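Me: I have a structure to look at and would like to go through its charged pairs. Can you put it up?

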Amino acid sequence: MRAARLIKMVLLLQSRPTMTASELARELEVSERTVTRDAQALSEAGVPVYAERGRAGGYRLVGGYRTRLTGLGRGEAEALFLSGVPGALREMGLEDVASAARLKVSAALLPSLRDAPRAAAQRFHLDAPAWFREPAAPALLPLIADAVWDDRCVSARYRRGESEVARELEPYGLVLKAGVWYLCARVRGTASGAAAEEVAVAAEKGAGVFRTYRIDRFVGAEALKDRFSRDEDFDLPGFWGAQAERFARSILRSEVVLRLSPAGVRALPHAVDPVAARDALGCAVRPDADGWVTLTLRVESQEVAHTQLRALGPEAEVVSPAALRERFAAEAARLTALYGAPGE
């Protein structure tokens with residue numbers, strides 16, 4: 001533990017001209033007294049740490065000293081590519097690894113480039129969770145993340161409706177979508193020479209099939225000793241994109257026939273599911289003499305359609321189903337009663 005802290009102290013001093021004891025204490029998460037002792041230990045070990053007293057004083061390395069401890073480890077290099085999503089790193093338990101990687105990169109940069117990390121951080125920031133949601137990291141996420149990095153199989157139990165299901169999974173990748181973590185994994189198959197009934201059970205469980213799981217629905221998980229060999233043809237972004245679109249289509253079980261004004265056509269993708277809007281607009285008939293378009297929109301339910309289409313106001317007319325049209329007509333009558341007819 002102390003050795004790692006001393007290395008971090010050297011890298012910090014190498015990446016900045018001078019640091020005060022309080023700055024080092026804050027970065028190293030120790031007391032200023034510990035910083036003093038660590039600086040003395042480094043000096044005794046031959047690292048030329050110099051302490052400048054006074055108001056503008058602090059610690060610095062003498063004579064352009066450069067450590068050779070800047071080589072990135074595999075985990076640090078991998079985590080570095082995620083350093084733009086600090087919240088995700090924290091939730092996966094990789095924040096310390098990424099911090100060490102950034103320090104090593106900063107220490108290896110030329111003095112003229114050492115402000116690059118801060119300049120980038122001041123210009124770009126990714127805030128992944130959706131609005132009006134309190135992000136909560138699943139308790140099992142760090143364990144799952146370790147298994148993903150290590151290509152290690154996982155035995156998991158998760159909620160499916162009112163029941164629990166157990167599976168052995170090959171965890172291929174993690175996806176953070178609107179603040180929700182998902183695992184893309186392949187269900188493990190059976191060993192060669194397995195009995196016929198074991199093969200049947202494995203087939204029933206979807207052995208060999210890639211599936212997507214919400215990690216917050218896992219109720220238990222354990223990393224196994226077995227490692228799996230990755231399918232090199234597996235493309236995580238492509239798989240996720242296909243799964244997301246398939247899911248979006250699968251929940252659109254009802255249809256609504258609409259007439260839309262030109263403004264309604266433009267607003268439709270912002271009011272309803274974008275996949276449904278794209279499909280509907282792609283099959284719409286030609287505009288009528290007034291520029292209105294008639295189309296068939298797939299929706300999750302009439303209840304959901306009512307909530308979504310409200311946003312279009314008078315730019316949309318529900319043609320069918322009759323029950324939904326009557327509901328909008330009743331609401332229009334109530335609004336007229338509240339506000340009065342134009343000119344009244």
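**Salt bridges and a surface patch**

Reply: The count comes to 15 salt bridges, in what is a predicted model.

Me: Before the details, why would side chains pair like that?
Reply: Side chains of opposite charge can pair when their charged atoms come close.

Me: OK. What does D38 pair with?
Reply: D38 forms a salt bridge with R5, and their closest N and O atoms are 2.6 Å apart. The two residues sit in distant parts of the chain, 33 residues apart. D38 belongs to helix α3 (residues 32–44), and R5 belongs to helix α1 (residues 2–15).

Me: Is D38 buried or exposed?
Reply: D38 is buried, because its relative accessible area is 1% and the cut-off for buried is under 20%.

Me: And R5, buried or exposed?
Reply: R5 has 19% relative accessibility, so R5 counts as buried.

Me: Next one. Which residue does E170 bridge to?
Reply: E170 pairs with R186, with 2.9 Å between the closest N and O atoms. E170 is in strand β4 (residues 163–177) and R186 is in strand β5 (residues 180–187), so this salt bridge ties together parts that are 16 residues apart in sequence.

Me: How accessible are those two?
Reply: E170 has a relative accessible area of 12% and is buried. R186, at 18% relative accessibility, counts as buried too.

Me: What about D288, which residue does that one meet?
Reply: The side chain of D288 meets that of R259 in a salt bridge, at 3.0 Å from N to O. R259 is in strand β8 (residues 254–260), while D288 is in the loop between α12 (274–282) and β9 (293–299), so the pair joins parts 29 residues apart in sequence.

Me: How exposed are they?
Reply: D288 is partly exposed, with a relative accessible area of 32%. R259 also counts as partly exposed, at 23% relative accessibility.

Me: Which residues are in the network with R259 and D288?
Reply: E317 and R325 are linked with R259 and D288 in a network of salt bridges.

Me: Enough charges. Which residues form a nonpolar patch on the surface?
Reply: L335, L338 and Y339 form one, and together they have about 410 Å² of accessible area.

Me: Where is L338, then?
Reply: L338 is in helix α14 (residues 322–339).

Me: Why is L338 called exposed?
Reply: L338 has a relative accessible area of 67%, and exposed means over 50%, so L338 falls in that class.

Technical notes: Residues numbered from 1 in each chain as written. Predicted model: local features only at pLDDT ≥ 70, side-chain atom pairs only at ≥ 80, totals over all residues. Heavy atoms only, no water. Salt bridge = Lys/Arg side-chain N within 4 Å of Asp/Glu carboxyl O. Helix = DSSP H or I, 4+ residues; strand = E, 2+ residues; numbered from the N terminus. Buried < 20%, exposed > 50% of the residue type's maximum accessible area, 1.4 Å probe, protein only. Patch = residues over 30% accessible without salt bridge, like charges linked within 9 Å, V, L, I, M, F, W, Y side chains within 5 Å. Areas by Shrake-Rupley, 256 points an atom, 1.4 Å probe, with all protein chains shown as cover.
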